[in-house]
Amino acid sequence: MSKNIFFSVIIPTFNREKKIKFAIDSVIKQNYQNWELIIVDNNSTDNTKDLVNSYNNNKILFYEINNEGVIAKSRNYGIKKSKGDYLCFLDSDDWWHPD
């Protein structure tokens, strides 16, 4: 795979403080490293925002919206914010293998 291809990974989330760490870590541990991670949070009331910010990684972008219960709004917002040649979607309670 060309090292020039840039991927945008979009994770919509809501109150997933206890699960999203596995999703984020699985992106960070990818063998291919030319990516940005866009996390779109539906105004969580737990510490999701603090957890994401604790990574202090400029490849991880955090946005908050009110999606009114329509997860597609969060995904579409992530698409608008993305800069990648390709888009990837990952649920906040899921993970990827490193390759």
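Q: Helices (H or I, at least four residues) and strands (E, at least two) are DSSP runs numbered from the N terminus; which of them each supply at least two residues of the lining of the largest pocket?
A: In this predicted model, β1 and α3 (71–81) do. Local features here need pLDDT of at least 70 and side-chain atom pairs 80 or more, while totals for chains, interfaces and linings use all residues. Residues are numbered from 1 along each chain, and side-chain values use heavy atoms, without hydrogens and water.

Q: What makes a residue part of that lining?
A: A pocket is an open set of points on a 1 Å grid where a 1.4 Å probe fits, with protein on both sides within 12 Å along at least five of seven lines, and a lining residue has an atom within 4 Å of a point. P12, T13, F14, R16, N42, N67, G69, I71, S74, D91, S92 and D93 line the largest pocket, which holds about 180 Å³ of space.

Q: Why is strand β2 called largely enclosed?
A: Buried means under 20% relative accessible area. Happily, 7 of the 7 residues of β2 (residues 35–41) are buried, so the rest of the structure largely encloses this strand. W35, L37, I39 and D41 point one way, E36, I38 and V40 the other.

Q: How do you know that β2 pairs with β1 and with β3?
A: Pairing takes at least two DSSP bridges. Strand β1 (residues 7–13) has 7 bridges to β2, running parallel, with T13 partnered by D41. Strand β3 (residues 60–64) joins β2 over 5 bridges, also in the parallel sense, and I60 partners L37.

Notes:
Buried < 20%, exposed > 50% of the residue type's maximum accessible area, 1.4 Å probe, protein only. Points joined across faces, edges and corners; volume = space filled by probe spheres on them.
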